[in-house]
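I set down here what I looked up in this structure, entry by entry. The strands come before the side chains.

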Amino acid sequence: MRSPINNGDFFTPLGQPFTVLTDDGQVLHCKRWQQNAKAIHTFHSNAEMGLYFRNRLGLPSEQLVKKADLTRYGRYDVCFYKLNIDSYYMDFAKP
């Protein structure tokens, strides 16, 4: 069952740094932000997160991601797995 990132204590508290290791070997340094800690941002530059997903989708860095891009990729979600108190594994592999 999927749940929002602000549900419970799965992720670190608002503003506390954590590391995300991705299924393709990348490392993203993140924090939870926004009202009710509902968003995950890369904290050096939130552009990193957008660039990461555009790269995975095979899109130019400035292109808006559309539903058709996700359909072509074959996935509309990401899965997070908690490794320890401040490290997570993110799966966005093609099915």
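Which residue in β2 is the bridge partner of L21? I found that L21 has V27 as its bridge partner in β2. I note that the model is predicted, with pLDDT of at least 70 required for local features and 80 or more for side-chain atom pairs, while totals for chains, interfaces and linings use all residues. Residues are numbered from 1 along each chain as its sequence is written, and side-chain values use heavy atoms, without hydrogens and water.

**Strands.** I took strands as DSSP runs of E with at least two residues, numbered from the N terminus, and counted two as paired if DSSP finds at least two bridges between them. Strands β1 (residues 18-22) and β2 (residues 27-33) run antiparallel and are joined by four bridges. Their hairpin has four residues between the strands, and G25 takes a positive phi near 90° there. I then followed β2 to β3 (residues 39-42), an antiparallel pair also joined by four bridges. In this second hairpin, with five residues between the strands, Q34 has a positive phi near 75°.

**K31.** I located K31 in β2, with H41 of β3 as its bridge partner. K31 is buried (under 20% relative accessible area, 1.4 Å probe, protein chains only). I found no salt bridge for K31 (side-chain nitrogen of Lys or Arg within 4 Å of a carboxyl oxygen of Asp or Glu). The nearest side chain of opposite charge, E48, is 12 Å away. Leaving aside neighbours within four places in sequence, I listed its contacts (heavy atoms within 4.5 Å); among them are P17, F18, I40 and F43.

Notes:
Buried means under 20% relative accessible area, exposed over 50%, partly exposed in between (1.4 Å probe, protein chains only). Lys and Arg count as positive and Asp and Glu as negative; His and the chain ends are not counted.
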